[in-house]
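Good morning, everyone, and thank you for making room for a short talk. Please take a moment with the sequence and the structure before I begin.

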Amino acid sequence: MTRVPQVLRVHQREALAALDAAWSSGRRRAWVALPPGAGKTLVGLKVIEDRVAAGAVGKAVVLGPNTAISGQWARAATDLGLDVSLDRSLDRLVTALTYQALAVFDADTEVDDDGTESVESGDEGTSLLTRLHPNGQAFVEQLQGAGPLLLVLDECHHLLEVWGRLIGELLDLLPNAMVLGLTATPPESLSADQAALVDDLFGHPLYAASIPAVVKVGDLAPFVELAWLTTPTPTENDWLAEQAARFQELVTQLTDPEFGSLPLLQWLDARFTAGTVPWFNLRKQQPELARAVLRLHHVGLLAPPPGARLGEEHRTTPTADDWCLLIDDWLGKHLTRSGDPQDEAVVEAVRRALPSVGYQWTKRGIRRGRSPVDRVLARSASKATATVDIVAAEHRNLADRLRMLVLCDHERAGATLPADLAGVIDQQAGSAHAMLSALIESPETGGLNPMMVTGGTVAGARGTLTAFLERLPDRALAERLRLEPLEGSASAWCLVGPWDSRVWVNLVTRFFEDGHCRVLVGTRALLGEGWDAKPITGLVDATAVTTLTSVVQTRGRALRIDPGWPEKVAVNWSLVCVSDAHPKGGNDWDRLVRKHVGFLGLDDEGQIIDGVAHLDPTFSPYVPPPVSEFAAANARALVRSEQRVGIRDQWRVGEEYADALVSTIRITARGRPDQGGFGLGAAPAEVVLRADAAELRGIRRHAARDHLTSASTAVALVVGVAAASAGAFPLAGLALLLAGVSAAIRGRSQLERGREALKAAESPPSVVRIASAVADGLRSVALTSRGSESVEVAVDHDGVYRCVLRGVDDDEAEIFATALDEAVAPIALPRYLVPRWVSLEGEHPARERGWSQTWRSLRAGSGRIRPDGVVWHPVPTILGVNAERAAAYAAAWDHWVGGGTAIYTGSPEGQGILAANHGADPFDASTVMRRQWT
C-alpha cells in the first residue's frame with residue numbers, strides 16, 4: 001500500500017504536541033478543538049499511529065456524525081498506509097463508522113418546520129442501554145471485547161447536543177479505552193452544563209485554535225460574512241398584519257389609564273420608579289424585565305428608574321417579548337390578586353391576545369407557546385428569491401470560478417401546514433426542493449446547472465442530470481439510473497436507481513468541483529458538516545439552527561484552500577426575513593443574532609469581531625434595521641462581495657496574532673459640536689482651568705522665547721539710553737528701534753499664546769484623554785496591569801471611536817471598556833463625581849473684534865482665563881467603590897483632562913451637585929461594547 005507523505009500544519013503540530021504531553025502524563029482522555037479545514041482528521045490518525053506504536057492500544061474506532069465524515073477518515077487512513085474498514089467487524093487497525101452504529105442521530109430533526117430548535121437531550125434516569133438499538137447494544141459488546149482500544153469521537157459536540165449526560169454511560173462501558181474527542185466547537189462557546197460535562201468526561205479542553213488563527217497562517221481561505229435582508233411576500237405580510245391586530249389593540253389598551261383597577265403604567269411607575277428595590281438588584285436578578293422597563297422609558301411611557309442608565313440594548317421600541325414580561329409582572333403581582341371584576345376582564349383580554357404573538361396565559365403566568373409566525377419568517381418564499389439574487393450577483397463577480405453552496409434544514413417540509421397558513425405559504429417553502437426549483441426557473445441562475453443532493457435524493461434540471469450521467473465514470477451504474485420528475489416541482493427531475501448517498505455524494509461533488517454544476521443545494525445534515533469540496537467560493541445559509549457549532553460547521557465548507565485558486569476568498573451569506581407588520585416580525589433577526597454571537601468575522605474596517613456588527617457596522621444585536629433601510633444594506637453587502645482582493649488584504653495573512661478575544665468599546669458622538677461631543681488631542685490637557693485661574697501646561701513652550709525677547713528688549717533699551725546720554729544719537733535710535741521691535745515680538749507671542757490657550761480651554765476633552773485617564777486610574781489602584789501607554793483609539797471612516805486596552809487579558813480589557821463606557825455616560829447615580837471647569841470667554845470671537853478680543857487673548861497668554869462654569873462627570877463604578885479609588889481616578893482625570901477633587905454624592909455637597917446634574921449628558925455619546933480578536 002502506497003503511503004502518501006503528509007506535511008503537518010502549524011496547528012496540527014501544536015495539537016499533537018499537547019496530546020503527546022497529555023498521554024505522557026498518564027492522561028487517557030482528551031478534547032481538542034480545531035476549526036473545519038484545520039486538519040482534525042490527520043491529527044486523529046497521527047494519534048492512532050502514535051498510540052499503536054507505543055503499545056498503548058491495539059485498535060482504533062472512529063465515530064462521526066455522517067457517512068461523508070466516516071468516508072473521509074477511511075480515505076485519509078488509506079493515504080497514511082493504515083489498514084481501515086467501514087464495517088463493524090473490528091478486524092482492521094482502524095474502523096470508521098457513524099454514530100448511527102450506536103444510536104439514531106439525524107441533524108435534520110434539530111429544527112422543526114417552524115424554525116424552532118428541538119435538540120434532544122437525555123432524560124434523567126434513562127439508561128443509555130435502553131436507548132440503544134439492538135444492533136447498537138451488540139456493537140458495544142464488540143467494543144468491550146476488542147482489547148486495548150482508542151475511541152476517537154469526531155465532531156463530538158453532537159454527543160453533547162443529542163445525548164447529553166448519556167455519553168458518560170457509553171464511556172463507562174469502556175473503562176479501559178483511551179478517548180480522543182475532536183470538535184470544531186470553541187470551548188468558550190459551550191454552555192455551563194456542556195462545559196461541566198466535557199470537563200467530567202475529557203478533562204479541561206487540551207488544545208484549541210480559532211478560525212481566524214488558521215486563516216492567519218494561511219491554512220484556511222480568507223472570508224467575509226454578509227447578510228441579505230428580505231421582507232415577507234405581500235401575501236405573507238398581509239397575514240402577519242392580520243395576526244398582529246389583536247395584540248396591537250391590547251398594547252393600545254395597556255396605555256389607557258382606565259384599563260384595570262391599577263393600570264399598567266401606574267403599576268410600573270410604582271414598581272420601578274418610585275419603588276424601594278435598588279435598580280442594581282433588579283438588573284442583576286431579572287435582567288430581561290429590567291431591559292423591558294428601560295425600553296418603555298426610551299419611548300417616553302415611563303420615567304427613568306433611579307440609578308438606571310440606558311445602553312445600546314435599551315434604545316429601541318419595546319418588543320412583544322418585552323410587553324409580555326411587563327404584563328406578566330403586572331398580572332401576577334397585582335391584577336390576579338385584586339379580586340376586582342374589572343381586573344378579571346383585563347386578564348381575559350390579555351389571554352385572548354397573547355396567542356397572536358406566540359404566548360399563552362397559564363396558571364403559572366404567561367408562557368411561551370407555538371406560533372406559525374415563526375414558520376412564515378423562517379420559510380418565507382422571499383428567501384428563495386434572495387438566493388437567486390445572491391447567486392446571480394456572485395456569478396457576475398466570479399464568472400466560471402463560481403461554486404456556490406446553498407444549505408437548507410430539510411429536503412422537504414414534513415409537517416402539514418396549519419389551516420390558517422393555507423394559501424399564505426407553500427407547503428415546501430424554505431425546503432431544498434423549493435430552493436432548487438427557484439434556481440432552475442430563474443433565467444439568471446438556470447444556466448449555472450444547479451443540482452440538489454441530500455441523503456435521499458439527487459435532483460436538477462433534466463439537461464443537467466443528463467450531462468451528469470454522461471460523465472459518470474461507472475458506465476454500468478449510469479445505465480441503471482433513470483430520470484423521474486421531482487415530486488412537487490414543475491422544473492426539477494431526480495435520478496432513481498441502485499445507488500445510495502455513499503456513492504452519489506462523491507460523484508456529485510466531483511461534478512460540482514469540475515464546474516459542470518456551479519450551484520449545489522443540500523441539507524445541513526449531509527453537506528453542512530464533514531463534506532469537503534475545496535473550490536467552494538461561498539455559501540447561502542438558509543438554515544434556522546442558531547448554535548455556534550452549526551454556524552462554524554456550515555461556514556467551514558467554504559473555507560478550504562483551493563489548490564486551483566490559491567487567492568480564493570470565500571463570501572458567506574446569511575438570509576434573514578423581517579416584517580414590520582407584526583410585533584414578532586423580528587424573530588428571524590433574533591436567529592441571525594444568535595448565529596453570530598461568538599462567531600468571528602471581518603468587519604468593513606478590517607477588525608475581526610464577533611456578533612452581527614461584522615456583517616454590517618449599522619447592525620445591532622437588539623433590533624433589526626428599519627425595513628426602509630434594507631435596500632441600502634443589501635447594496636452595501638453587494639459592494640462588499642465585489643471586494644475580494646481588499647478582503648484578503650484586510651486579513652493580513654502571515655502577520656503575528658495572539659489568538660485571543662479582548663473587550664472593546666465603540667463610542668459615537670451624537671450631538672453637534674456646540675452641544676457636546678469630543679475634542680481633539682492625544683497628550684494631557686494643555687490648559688487646565690481652576691475655579692479662579694488657569695494652568696497653562698502645554699502652552700509653556702513659548703516661555704523661553706518670551707524670556708529671550710524680554711532680555712533682548714532690556715539690553716536694547718539700556719544701550720539706547722546710554723548712547724543718547726553720550727550724544728551718539730544714531731546708535732541710540734537704532735537701539736530704541738530694536739527695543740521696540742523686540743517688545744512687539746514679545747507682545748505678539750503672548751497674543752498667540754493667549755489665543756491658543758483660549759482655544760484649548762474651550763475645547764472638550766478628546767476620547768484619547770478620557771480613555772487615558774480611565775486607564776491610568778485603573779492601573780494606579782491595581783485593577784489593570786497597564787495604563788495610558790496601552791490605550792489604543794482608532795477612528796472609523798464614519799467617525800466612530802474604537803477603544804481598547806492592549807497588552808492585557810480579556811478580564812482587564814473588559815474592566816477598562818466598562819469603566820470608559822461609564823466615564824462618557826450621562827450622570828445617573830454614581831457614588832462620586834469629578835469636575836471639569838470650562839470657559840466660554842472666546843466661544844464667539846467673530847462677535848468680539850478689536851481691542852476687546854485682543855485684550856482677552858493677552859490676558860489669557862499669562863494664564864488669566866476666567867472659568868464661567870463647571871461640568872460634572874461620573875466616576876466609573878469600579879473606581880468609585882471607595883474614597884481611595886475615587887481619589888486615584890480624580891488625579892488621573894486632572895492630569896489628562898483637568899479637574900479637581902472627587903466629590904462623594906452621599907455628602908451634603910455631593911447630594912446638591914447630583915440633584916442639579918442628574919441626567920446631564922456632557923458628551924451626548926452612544927456606546928457599543930464588542931469583543932475583538934487579536
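Let me start with Asp91, which forms a salt bridge with Arg92, and here the closest N and O atoms are 3.9 Å apart. Please keep in mind as I go on that this is a predicted model. As for the surroundings of this pair, Arg92 has a relative accessible area of 33%, and because buried means under 20% and exposed means over 50%, this residue is called partly exposed. For those who are new to the idea, side chains of opposite charge can pair when their charged atoms come close.

How many salt bridges does the structure hold? The count is 37, and I will take you through two more of them with some care.

In one of these, the side chains of Glu225 and Arg555 meet, with 3.1 Å from N to O. This pair links distant parts of the chain, since Glu225 belongs to strand S8, residues 223–230, while Arg555 belongs to helix H23, residues 548–556, and the two are 330 residues apart. Are these two residues buried or exposed? Glu225 has a relative accessibility of 0% and therefore counts as buried, the cut-off being under 20%, and Arg555, also with a relative accessible area of 0%, is buried as well. The pair does not stand alone, for Glu225, Asp541, Arg555 and Lys595 are linked in a network of salt bridges.

The other example is Glu789, which forms a salt bridge with Arg779, with the closest N and O atoms 2.9 Å apart. Here Glu789 sits in the loop between helix H29 (767–780) and strand S24 (791–795), whereas Arg779 sits in helix H29 itself, and 10 residues separate them along the chain. Glu789 is partly exposed at 47% relative accessibility, and Arg779 is partly exposed too, with a relative accessible area of 34%.

Lys595, which I named as a member of the network, takes us to the cavities. The structure holds five cavities of 30 Å³ or more, and the second largest contains about 70 Å³ of space. Its lining includes Lys595, together with Ala378, Lys383, Ala542, Thr543, Ala544, Leu575, Asp588, Arg591 and Leu592. If we sort the lining residues by character, five are nonpolar, one is polar and four are charged. Which helix gives the most to this lining? That is helix H24, residues 587–596, with four residues.

Let me now turn to the strands, and to S24 in particular. An open sheet of six strands runs in the order S19-S20-S29-S21-S25-S24, with antiparallel pairing. Strand S19 (600–602) and S24 stand at the edges, and each has a single partner strand, so one side of each is left without a neighbour in the sheet. From one strand to the next, the twist averages 40 degrees. S24 pairs with strand S25, residues 801–805, over five bridges in the antiparallel sense, and within that pairing Val793 stands opposite Cys803 in S25.

My last stop is another pair of strands. Strand S9, residues 359–362, and strand S10, residues 365–368, run antiparallel and are joined by four bridges. A hairpin of two residues connects S9 to S10, and you can find Tyr359 opposite Arg368 in S10.

Terms used: Residues are numbered from 1 along each chain as its sequence is written. This is a predicted model: local features need pLDDT of at least 70, side-chain atom pairs count only at pLDDT 80 or more; totals for chains, interfaces and linings use all residues. Side-chain values use heavy atoms; hydrogens and water are left out. Two strands pair if DSSP finds at least two bridges between them. On a 1 Å grid over the protein atoms alone, a cavity is a set of points where a 1.4 Å probe fits but cannot get out, and a pocket is an open set with protein on both sides within 12 Å along at least five of seven lines; lining residues have an atom within 4 Å of a point. Grid points are joined across faces, edges and corners, and a volume is the space filled by probe spheres set on the points. Ala, Val, Leu, Ile, Met, Phe, Trp, Tyr, Cys and Pro count as nonpolar, Asp, Glu, Lys and Arg as charged, and the others, Gly among them, as polar. A salt bridge is a side-chain nitrogen of Lys or Arg within 4 Å of a carboxyl oxygen of Asp or Glu. Buried means under 20% relative accessible area, exposed over 50%, partly exposed in between (1.4 Å probe, protein chains only). Axes are lines fitted to C-alpha atoms, for helices over the stretch in contact, and angles run from 0 to 180 degrees between N-to-C directions.
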